[in-house]
Amino acid sequence: MAVAPSRDDRRIILHFDYDCFYASVFEAEQPVLKTLPLAVQQKQIVVTCNYEARRRGLRKLQLIREARQICPDVVIVLGEDLSKFRDVSKALFLFLRSFVWGGNVERLGFDEVFLDVTEMIRYNVDLLNRHDLEHSFFHLDRQEPTVGFTYDATRVHGSTYPGAAPSTAAETAESAESAALRTRLLVASHLAGFLRAELEHRKGYTATVGIATSKLLAKLAGSTHKPNNQTTLLPPYVTVRDRSSNVHDFLDAHEIRQIPGLGSKLTAKLVSYLAGARADGATPADRVTVRDVRLAPGMGPARLDRILGGPGAPRDIGARVWGLINGVDNSEVAQTGDLPTQISIEDSYGRLDSLEAVRRALDALAASLLRRMRTDLTEPDETGTESQPRTRWLARPRTLRLSTRPRSANDAQSYQGNRISRSAPVPSYVFHLDESVDAIAERLVQEVLLAMFRRLHPEKSGWNLRLMNVAVTNLVEAAGDRKQSSGRDIGKMFQSQGSRMDVVSDMQPSLLEGSNPSQTSLLTGSHGLAGGSPRDADPNPIVEEEEAAWEDSDEEESMPSEACGECGILIPHFAREAHELYHAVPD
Ligand code: TTP
Ligand code: MG
């Protein structure tokens with residue numbers, strides 16, 4: 001194999017997706033579960049199940065009742081308390097990040113991580129000894145030449161796309177550029193293999209990994225071989241003469257709805273356009289592929305603009321989507337670190353119309369928020385000892401925000417009631433780590449949140465809320481100069497697909513009397529809305545925010561959602577199917 005000099009400026013990206021994540025968290029606690037069919041229950045739904053259960057015919061988002069019918073000996077565990085998933089997610093993220101030079105590592109939801117390993121690969125490719133590729137050494141540390149692992153650089157580690165190794169003839173015909181990219185991806189495949197093994201042996205978790213030159217391609221490549229596997233998308237990445245691009249071949253076979261960044265609305269528009277464009281006017285095929293769209297007559301950025309544009313659509317929607325279906329994704333792996341930009345907890349309610357119920361709901365929201373803050377915004381302090389561990393704040397939010405979305409009294413069917421918000425400074429006692437979360441939550445509700453609530457709803461009664469949200473924003477880092485995410489690009493589009501909806505609330509069920517069974521808790525914390533309201537910084541103790549444009553549009557972009565026709569709650573598209581099950585089954 002020729003080792004060509006690498007002048008390519010394409011990034012090398014690894015995408016990790018932990019296998020049956022929630023189920024694996026239980027298996028790590030109780031290894032005996034690994035050999036049994038295991039399903040994780042939220043409400044009446046199997047939110048995920050282990051691969052033993054999948055072998056027996058169970059699948060994600062199946063009804064518990066169905067799962068029991070198919071596999072009567074399934075072990076079912078309750079996955080309604082998200083805190084342990086969050087903790088494991090954070091630990092695994094920090095573990096993976098510790099290997100990556102420059103720390104360009106981005107977490108997406110609880111169980112996906114992107115690693116930009118370009119620098120590590122460039123360095124290691126430059127050090128390859130082309131006379132003895134079989135005994136190569138991957139350097140994990142530039143300063144410590146003995147830190148690393150040996151590998152065979154004559155072959156790719158793990159699965160590839162395309163599956164069959166190219167013939168020698170094809171390889172010799174390869175351009176120098178393509179050969180150089182092949183070498184970089186090959187070296188990256190060994191790093192991926194090493195990291196997967198480390199993750200498994202040191203942390204007890206397996207993952208499925210994709211290796212390519214962008215987030216888009218790495219994510220899709222990874223999902224071709226599951227579980228506990230990895231897939232490298234091999235060059236050529238561009239069509240040269242009679243050799244077609246592997247990127248096109250690979251993407252073309254995907255259904256259009258599988259492309260990260262295309263929500264159900266955009267997909268539906270494309271599908272109906274293609275149906276209309278057909279002379280026979282036939283109903284759209286169930287399975288519209290990327291190829292169908294890409295090769296439709298007259299297709300291109302301008303045509304896509306006409307099909308997909310409209311109120312609310314980004315101005316460059318055509319170019320963006322055309323890029324995606326051609327495998328172009330220049331979004332960077334945002335160095336989001338482990339700090340969220342805001343933490344926000346919300347719940348929806350079937351009926352919330354008394355101050356007492358509001359107080360109870362606020363207690364639950366505040367306690368949940370404080371627990372999240374402690375998980376996401378603190379770290380062990382080096383000054384602590386084993387017998388007396390200490391924790392310190394990595395960042396302190398300055399602003400507390402309470403939002404409500406009233407249900408319109410005279411129009412019960414109107415789901416578009418405005419969200420109204422108030423902000424106030426976060427009191428200092430919120431950061432007292434030696435006090436219990438519940439005690440601080442109670443004080444916060446008594447002293448701040450109820451006052452904010454009364455300003456929002458001065459009338460003693462007559463209102464009925466369908467949603468409340470408590471958030472902290474305006475984070476100020478305590479130390480260091482960790483770079484914050486600034487990516488308002490396609491990374492946001494990834495979020496909309498990658499984010500997960502938990503079908504239960506993040507809170508104590510006992511505190512949720514009167515809540516709508518379809519309550520949701522959207523995981524907006526670690527991948528919450530980037531940026532924030534300039535008004536958050538308002539120094540006035542309490543300021544009124546009529547629903548600000550930024551709030552809704554940001555939400556819309558990061559989590560495309562639609563109102564459920566039955567209960568009115570806003571549901572991200574990807575979760576609609578699961579949500580509909582709520583109405584189908586009794587609680
Ligand atoms: P996934 O990565 O979709 O599923 P998984 O990790 O369980 O399985 P796979 O091996 O196929 O990757 O989601 C990650 C976790 O998110 C999953 O363990 C449970 C949770 N989840 C939800 O809370 N709501 C959902 O709608 C889905 C699909 C998952
Ligand atoms: Mg997963």
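**Figure 1. Helix α1, a mostly covered helix in a predicted model.** This close-up, like the others here, comes from a predicted model. In α1, the buried residues are F21, Y22, A23, S24, V25, F26 and E27. The helix spans residues 21-29, and seven of its nine residues are buried, which leaves α1 mostly covered. One of these residues, F21, reappears in the next view, where it is a contact of S89.

**Figure 2. S89 and its contacts from elsewhere in the sequence.** S89 sits in helix α4, which covers residues 83-97. Is S89 buried or exposed? Its relative accessible area is 1%, so S89 is buried. If we set aside the neighbours within four places in sequence, the residues in contact with S89 are F21, R107, G109 and F110.

**Figure 3. The magnesium ion (ligand 2) and its protein donors.** Three residues of the protein supply donors to this ion: D17 and D111 each through OD, and Y18 through O. These protein donors lie 2.0 to 2.2 Å from the magnesium ion. Along the chain, the donors follow the spacing D-Y-x92-D. Both neighbouring donor residues are covered: D17 is buried at a relative accessible area of 18%, and Y18 is buried at 1%.

**Figure 4. The geometry around the magnesium ion (ligand 2).** What arrangement do the six donor atoms around the magnesium ion make? The angles they subtend run from 81 to 177 degrees, so the arrangement is octahedral. For six octahedral donors, the ideal angles are 90 or 180 degrees. The cut-offs behind the label ask for opposite donors over 155 degrees apart and all other angles between 65 and 115.

**Figure 5. The four-stranded open sheet.** The strands come in the order β4-β3-β2-β5, and their pairing is mixed. Which strands lie at the edges? They are β4 (62-63) and β5 (75-78), each of which pairs on one side only. Strands β2 (residues 38-42) and β3 (residues 45-49) run antiparallel and are joined by four bridges. A handy pair to pick out in this view is A39 and its bridge partner in β3, C49.

**Figure 6. Two cysteines without a disulfide.** How many disulfides does the structure hold? The count is zero. C49 is in no disulfide, and the nearest cysteine sulfur to it, on C20, is 7.8 Å away. C71 is likewise in no disulfide; for this residue the nearest cysteine sulfur belongs to C49, at 9.3 Å. Both residues are covered: C49 is buried, with a relative accessible area of 0%, and C71 counts as buried at 2% relative accessibility.

**Figure 7. Two loop residues with positive phi.** Neither K43 nor L61 is a glycine, yet phi is near 55 degrees for K43 and about 60 degrees for L61. K43 belongs to the loop between β2 and β3, while L61 is in the loop between α2 (51-55) and β4. Their exposure can be read alongside: K43 counts as buried at 15% relative accessibility, whereas L61 counts as partly exposed at 30%. The cut-off for buried is under 20% relative accessible area, so K43 meets it at 15%.

**Figure 8. Two cis peptide bonds.** Where are the cis bonds in this view? One joins K226 and P227, with omega about -15 degrees. The other joins P235 and P236, with omega about 5 degrees. P227 lies in the loop that runs between α8 (215-222) and β12 (230-233). P236 is placed in the loop between β12 and α9 (246-252).

**Figure 9. The whole chain, as a setting for the close-ups.** The protein chain contains 18 helices and 23 strands. Of its 587 residues, 55% are buried. Taking contacts between residues at least 6 apart in sequence, 69% join residues at least 24 apart. The accessible surface of the chain comes to about 25,900 Å², and carbon and sulfur atoms account for 50% of it.

Note on methods: Residues are numbered from 1 along each chain as its sequence is written. Chains are lettered from A and ligands numbered from 1 in the order in which they are written. This is a predicted model: local features need pLDDT of at least 70, side-chain atom pairs count only at pLDDT 80 or more; totals for chains, interfaces and linings use all residues. Side-chain values use heavy atoms; hydrogens and water are left out. Donors are N, O and S atoms within 2.8 Å of the metal (3.2 Å for Na, K and Ca); water is not among the atoms, so sites may look incomplete. Four donors count as tetrahedral if all angles lie between 85 and 135 degrees; four count as square planar and six as octahedral if opposite donors are over 155 degrees apart and all others between 65 and 115; anything else is irregular. Buried means under 20% relative accessible area, exposed over 50%, partly exposed in between (1.4 Å probe, protein chains only). Contact means heavy atoms within 4.5 Å. Accessible areas come from the Shrake-Rupley method with a 1.4 Å probe; for residues, only the protein chains shown count as cover. A disulfide is a pair of cysteine sulfur atoms within 2.5 Å. Two strands pair if DSSP finds at least two bridges between them.
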